[in-house]
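Let's take a look at the charged side chains in this protein and see how they pair up. Have the sequence and the 3D view ready.

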Amino acid sequence: MGLFDKLFGSKESKEVVVTSPLTGKVIRMEDVPDQAFSQKMMGDGFAIDPTSGDVHAPIDAEIALVFEATGHAVGLKTEDGMEILLHFGIDTVNLQGEGFDVKVKAGDKVKAGDLLLSVDLESVKSKAPSVVTPVIFTNLAGKELSIDESLYGTEVSHGDVIVKF
């Protein structure tokens with residue numbers, strides 16, 4: 001650390017870490033079985049094919065959006081403006097909230113690892129085309145998304161690091 005850093009504070013931005021919100025297998029956004037996601041119409045990211053229905057915050061953030069009636073999606077916004085949408089499963093909006101227990105509301109502040117949703121995985125699996133859960137960066141706030149290629153196809157636990165900025 002140089003003299004100016006000591007006197008005025010470092011200008012380096014701190015590392016931003018995004019963890020897996022779910023336990024399951026990491027898959028490429030391009031492999032999500034829904035064109036809106038696979039073609040990155042809402043943004044780039046990754047997806048998890050979950051083995052557990054507990055959805056956790058992948059980063060410290062404010063809950064910007066909750067689909068309270070359906071429980072299928074939660075939007076987060078970090079202090080520096082990054083926006084992340086967690087969309088549990090494909091066409092799960094059609095379940096009208098069946099199998100979803102939302103634990104947060106818009107305006108809540110959450111820390112990485114906090115429980116956002118509890119999903120009855122077996123029930124949703126039996127009624128939805130897929131439980132693959134996209135994690136979409138709808139606004140990267142000037143950061144560049146880079147995911148370690150070796151993660152794709154691997155099993156992760158919620159809280160495992162997926163992306164570092």
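A salt bridge here is a side-chain nitrogen of Lys or Arg within 4 Å of a carboxyl oxygen of Asp or Glu. By that rule, the structure holds ten salt bridges. Keep in mind that this is a predicted model, where local features need pLDDT of at least 70, side-chain atom pairs count only at pLDDT 80 or more, and totals for chains, interfaces and linings use all residues. Residues are numbered from 1 along each chain as its sequence is written, and side-chain values use heavy atoms, with hydrogens and water left out.

Here are some of the pairs:

| Pair | N to O distance |
|---|---|
| Lys 40 and Glu 30 | 2.7 Å |
| Lys 103 and Asp 101 | 2.7 Å |
| Lys 105 and Asp 108 | 3.1 Å |

What does the salt bridge between Lys 40 and Glu 30 tie together? Lys 40 sits in the loop between α2 (35-38) and β3 (44-50), and Glu 30 in the loop between β2 (24-28) and α2, so the pair links parts that are ten residues apart in sequence. (Helices are DSSP runs of H or I with at least four residues, strands are runs of E with at least two, and both are numbered from the N terminus.)

Now for the surface. Lys 40 is partly exposed, at 30% relative accessible area, and so is Glu 30, at 44%. Partly exposed is the range between buried (under 20% relative accessible area) and exposed (over 50%), using a 1.4 Å probe and protein chains only. Lys 103 is partly exposed at 41%, and its partner Asp 101 is partly exposed at 38%.
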